[in-house]
Structure formats: C-alpha cells, structure tokens
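This report introduces a protein structure to a reader who has not met it before. The sequence and the structure are shown first, and the description follows.

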Amino acid sequence: MTDPKPAAPLPAAVVALIWAVLTITLAGAVALAVPAVRDAYAIPLGYVLYPLAAGGAAVALVISARRSSGRERLAWVTIGLGVGGWALGECIWQGYIIGG
C-alpha cells in the first residue's frame, strides 16, 4: 500500500483572507454577544483588531512571495506592499483616535 500524498498548503492569499475574516468576525461576535464586553470593550477592541487583521494578511502575503518566483513573486510582493500600507495606515489612524 502506498502512502497518500500530503495535502498542498493553502495559498497565502487564502490564508490572509481567512485570517482577516475570522479575526474580525470573532471579535465582533464577542463584542455583540456579551453586554459587559460590548459596553466596555467594543470600541477599544476594534482599535486592535483592524491593524492585527491587516498585519496578519501582510505577513501571509510575504510568505507567499518567498515561495514564488519570477513574475508571480513580483505580484505577491506588490499585493503585500499594498496590504502592508493598509496595516501601517490602520496603526497611524488608531494612534490619532487613541491619542486624541
């Protein structure tokens, strides 16, 4: 009997999308389901989750770029730079909101 081939890993773009959706969905569910959490932490939780989701997506895209070559690598790097800019922008924006 032959051993089955291991499953191919998910593409980084899929992992990035899953990361962003699950992070935001889980935080939103907790913030809405528990009244005490909703009242005390809903807004501060959003301050953390949006940059975290964008940063996780950027990391996944960098990993995908490292596994690629040629024009495909250039495409992943370009998308990763855009998402990294989104993460940086979220961090700056949250700084403005928190800092006043």
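A nonpolar core is a set of buried Ala, Val, Leu, Ile, Met, Phe, Trp, Tyr and Cys residues joined through side-chain atoms within 4.5 Å. In this context, buried means under 20% relative accessible area. The model discussed here is a predicted one.

**The core**

With these terms in place, the largest nonpolar core of the protein can be described: nine residues form this core, namely Ala12, Ala16, Ala57, Ala58, Ala60, Leu61, Ala65, Trp76 and Val83. At least two residues of this core come from each of helix H1 (12-33), helix H2 (35-66) and helix H3. H2 provides the largest share, with five residues. One of the core members, Ala12, touches Ala60, Leu61 and Ser64 when residues up to four places away in sequence are not counted.

**Overall organisation**

The secondary structure consists of three helices and zero strands, and the pattern read along the sequence is α-α-α. The protein has 100 residues, of which 25% count as buried. Its accessible surface comes to about 7200 Å², and 73% of this surface belongs to carbon and sulfur atoms. Among contacts between residues at least 6 apart in sequence, 63% join residues at least 24 apart.

**Confidence of the prediction**

The average pLDDT of the protein is 79, and 76% of the residues score at least 70. Among the elements, H3 has the highest mean pLDDT (89), while H1 has the lowest (74). Where pLDDT is low, the predicted coordinates should not be read in detail.

**Contacts between H2 and H3**

Several residues help to describe how H2 and H3 are placed. Gln94 lies in helix H3, and Gly46 has its place in helix H2. The C-alpha atoms of Gly46 and Gln94 are separated by 9.2 Å, although the two residues are 48 residues apart along the chain. Leaving aside residues up to four places away in sequence, Gln94 touches Gly46, Tyr47 and Pro51, and Gly46 touches Pro51 and Gln94. Glu90, which also lies in helix H3, touches Tyr50 and Pro51 by the same count, that is, without residues up to four places away in sequence.

Why does Gln94 count as buried? Gln94 has 7% relative accessibility, and the limit for buried is under 20% relative accessible area, so Gln94 falls in that class. Glu90 is likewise classed as buried because its relative accessible area is 17%. Gly46 is buried for a corresponding reason, as its relative accessible area is 17%.

Gly56 is a further residue placed in helix H2. Gly56 counts as buried because its relative accessibility is 18%. Between the C-alpha atoms of Gly56 and Gly84 the separation is 9.3 Å, with these positions 28 residues apart in the chain numbering.

**Exposed and partly exposed positions**

Arg66 is found in helix H2. Is Arg66 buried or exposed? Arg66 is exposed, because its relative accessible area is 68% and exposed means over 50%. In space, Arg66 and Val77 are 8.9 Å apart, C-alpha to C-alpha, and in sequence they are 11 residues apart.

Ile92 lies in helix H3, which spans residues 70-99. Ile92 is partly exposed because its relative accessible area of 44% falls between the limits for buried and exposed. Ile92 also belongs to a nonpolar surface patch of about 680 Å², which is made by Leu88, Ile92, Trp93, Tyr96, Ile97 and Ile98.

**Summary of accessibility**

The table below collects the residues discussed above.

| Residue | Relative accessible area | Class |
|---|---|---|
| Gln94 | 7% | buried |
| Gly46 | 17% | buried |
| Glu90 | 17% | buried |
| Gly56 | 18% | buried |
| Ile92 | 44% | partly exposed |
| Arg66 | 68% | exposed |

In brief, the predicted model has three helices and zero strands, with a nonpolar core of nine residues to which H1, H2 and H3 each supply at least two.

Definitions and conventions:
Residues numbered from 1 in each chain as written. Predicted model: local features only at pLDDT ≥ 70, side-chain atom pairs only at ≥ 80, totals over all residues. Heavy atoms only, no water. Patch = residues over 30% accessible without salt bridge, like charges linked within 9 Å, V, L, I, M, F, W, Y side chains within 5 Å. Areas by Shrake-Rupley, 256 points an atom, 1.4 Å probe, with all protein chains shown as cover. Salt bridge = Lys/Arg side-chain N within 4 Å of Asp/Glu carboxyl O. Helix = DSSP H or I, 4+ residues; strand = E, 2+ residues; numbered from the N terminus. Buried < 20%, exposed > 50% of the residue type's maximum accessible area, 1.4 Å probe, protein only. Contact = heavy atoms within 4.5 Å. pLDDT = per-residue confidence, 0-100.
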